[in-house]
Amino acid sequence: MIPRIGGGSDPAGQARKLARKGDWRTLWWQILSSPLPQAVVAAAHLKLRKWSPPSDADARLAAVLTAIDTKEAARLGTDLFRRTTVKLPTTMGFASPAGFCVRHPVLALDTRGRDLHTSRVVTVDRTGVRNTLYEGPAQHWSLCALDSETVIARREFDSGGYRGDTEIVEYTPGREAVLASGGGLLDAVVEPTATGWVVGTKLLGVAFAVADGEQEQLDLRDYGLRRADLFAVDATGTRIAFAEGSRLLVTDSRLQPLYDLVMESVRHGEFNAITFTGDSIVTAGWEKGLYRWQIIGGRIRGLYSGWDSTPRTIFRLNPVAAWDLLVAEGGNVNYHYDMSTLERTGSPEFLVPTGPDNKEDELRGSHAIGKFVSAPYGRLAVYEGGLAIPTRGSDAFYSTVVQDLEHPLNILVKPVLSLNPADADRVRPHLDPALGTAASYPLTATERAVLEGAMEACEWAPRVTGR
């Protein structure tokens, strides 16, 4: 495993110092652990005649990186966030929910209405706001989008549903339909699936789903779970993982149980956050730490723990498959993990930096965040405040920004070492007009040149030894 060596606030300066000392090994490690734009800048200081590559693959990768124009790569790295995001004309607020969609690159947001007493539910795609589906006095606590014109939401009135007015509602253009109501829906969570949507209740311990127009129900108390509101849907929308106490239950999108696991204890304590990362399930617990689970041989098996890399309790897990990154929110601080290894790693430059590494002094160096939200099945990400990029205007911190995770430039966010042929496969259609997808993302000559170099890097990066 090659350690990730960040260049700090001045990676080019750090690379220059390493080159002057002739510390080629550390410089190469810095290059491999950096996203491609920064790696190209650092590689410009690599003296190929003095450095002895540890393998032919390392030498070939170095040749690819040094062949990319340094100024163009640096300029593209600086412009990357702007090219992949859109700033909305409205703000969602730090406590407002965001709901993603399984089938389409669409999300639902609860934004501020025309005054302090109203809220507005909108759908958003990579170009901005698509539809406004609701404006009124209701407060929304959970949302999911089925498409750009259909949103399922849990809403309440008078700040909390004390009159039993908690409702599950469907919003469509010019229409709203109350699907269920009652005090038992307090703190319920809604999520989309491949066949419809699912709602998990906290008070009743029951999950309800609409799958291909049919209503389904599962009482999780029959499987030893007292609540059904802590769950995650996988990237395909076909599997749901419920967690409670020390028990996991995996069902299909129709709530048909597939796998069940109960254990005496796990190092991170009882579950309080859960998500899917590829074929795996990752959980966090009240006693700090992460744990990975996978379904092997018809059983849920614990694989390994990242318990010692989490300095505080994690309350939300946001996977970003396009970056091979897991963003974990723990008490107003974001921590970043390699999705494959659960090891702490650096964050993209435009994300608020990770929290402190000093586990004995958790608050030192902490960075307050606004909000970052993504989902295993979502193809967009949402930022609300706290962006780690230069912005203009007094309202910059309170802006809502949506990022397109399907944009081909996202390959430039990943560390060079993590690039692989699958990344190249995602980019190739956008560089080949014959495949008919390039028009979706018009690319400049500079972007095309750097992406072509990145695709070459995808071939050699998995083969390097770095030693």
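This tour moves through a predicted model, from its helices and nonpolar cores to a few individual residues.

**The largest core**

Begin by selecting W28, I31, L36, L61, W323 and L412, which touch the most other members among the 56 residues of the largest nonpolar core. Then add helix α7, residues 445-460, since the largest share of this core, seven residues, comes from that helix. To see how one of these residues is surrounded, centre the view on I31, which, leaving aside its neighbours within four places in sequence, is in contact with A39, A42, A43, L46, L65 and V416. A second, separate core can be picked up from M92, F100, L107 and V198, which are included in its 29 residues.

**Helix α3 and its surroundings**

Select residues 36-43 next, which form helix α3, a mostly covered element in which eight of the eight residues are buried. Those buried residues are L36, P37, Q38, A39, V40, V41, A42 and A43, and they pack against α1 (11-21), α2 (24-32), α4 (56-67), α5 and α7.

Keep α3 in view and show α2 beside it: the axes of the two helices are 8 Å apart and the packing angle is about 155°. Angles over 145 degrees count as roughly antiparallel, and α2 and α3 are therefore described as roughly antiparallel to each other. On the α2 side the contact is made by L27, Q30 and I31, and on the α3 side by A39, A42 and A43. By class, the residues of this contact divide into five nonpolar, one polar and no charged.

**Helices α5 and α7**

Move on to α5, residues 70-84, and display it together with α7; their axes come within 10 Å and cross at roughly 105°. Because that angle falls in the range from 65 to 115 degrees, α5 and α7 are roughly perpendicular to each other. Select E72, A73, L76 and R83 of α5 along with T446, E447, A449 and V450 of α7 to see the residues that make this contact. Here the classes are four nonpolar, one polar and three charged residues.

**From α6 to C458**

Which helix holds D425? D425 is in helix α6, residues 421-431, where D425 is partly exposed with a relative accessible area of 45%. Measure from the C-alpha of D425 to that of C458 and you should find 9.5 Å, although the two residues are 33 places apart in sequence. C458, by contrast with the partly exposed D425, is buried, with a relative accessible area of 1%.

**Cysteines**

Now select C101, which is buried at a relative accessible area of 1%. How many disulfides does a search of the whole structure find? That search finds zero, and for C101 the nearest cysteine sulfur, that of C144, is 8.4 Å away. A disulfide requires sulfur atoms within 2.5 Å, so C101 is in no disulfide.

**Two leucines with positive phi**

Finish with two loop residues, starting at L255, which lies between β16 (247-252) and β17 (257-262). L255 has a positive phi of about 65° although it is not a glycine, and it is buried, with a relative accessible area of 1%. Then go to L342, in the loop between β24 (334-338) and β25 (371-373). L342 has a positive phi of about 65° as well, again without being a glycine, and at 2% relative accessibility L342 counts as buried.

Definitions and conventions. Residues are numbered from 1 along each chain as its sequence is written. This is a predicted model: local features need pLDDT of at least 70, side-chain atom pairs count only at pLDDT 80 or more; totals for chains, interfaces and linings use all residues. Side-chain values use heavy atoms; hydrogens and water are left out. Buried means under 20% relative accessible area, exposed over 50%, partly exposed in between (1.4 Å probe, protein chains only). A nonpolar core is a set of buried Ala, Val, Leu, Ile, Met, Phe, Trp, Tyr and Cys residues joined through side-chain atoms within 4.5 Å. Helices (H or I, at least four residues) and strands (E, at least two) are DSSP runs, numbered from the N terminus. Contact means heavy atoms within 4.5 Å. Axes are lines fitted to C-alpha atoms, for helices over the stretch in contact, and angles run from 0 to 180 degrees between N-to-C directions. Angles under 35 degrees count as roughly parallel, over 145 as roughly antiparallel, 65 to 115 as roughly perpendicular and the rest as oblique. Ala, Val, Leu, Ile, Met, Phe, Trp, Tyr, Cys and Pro count as nonpolar, Asp, Glu, Lys and Arg as charged, and the others, Gly among them, as polar.
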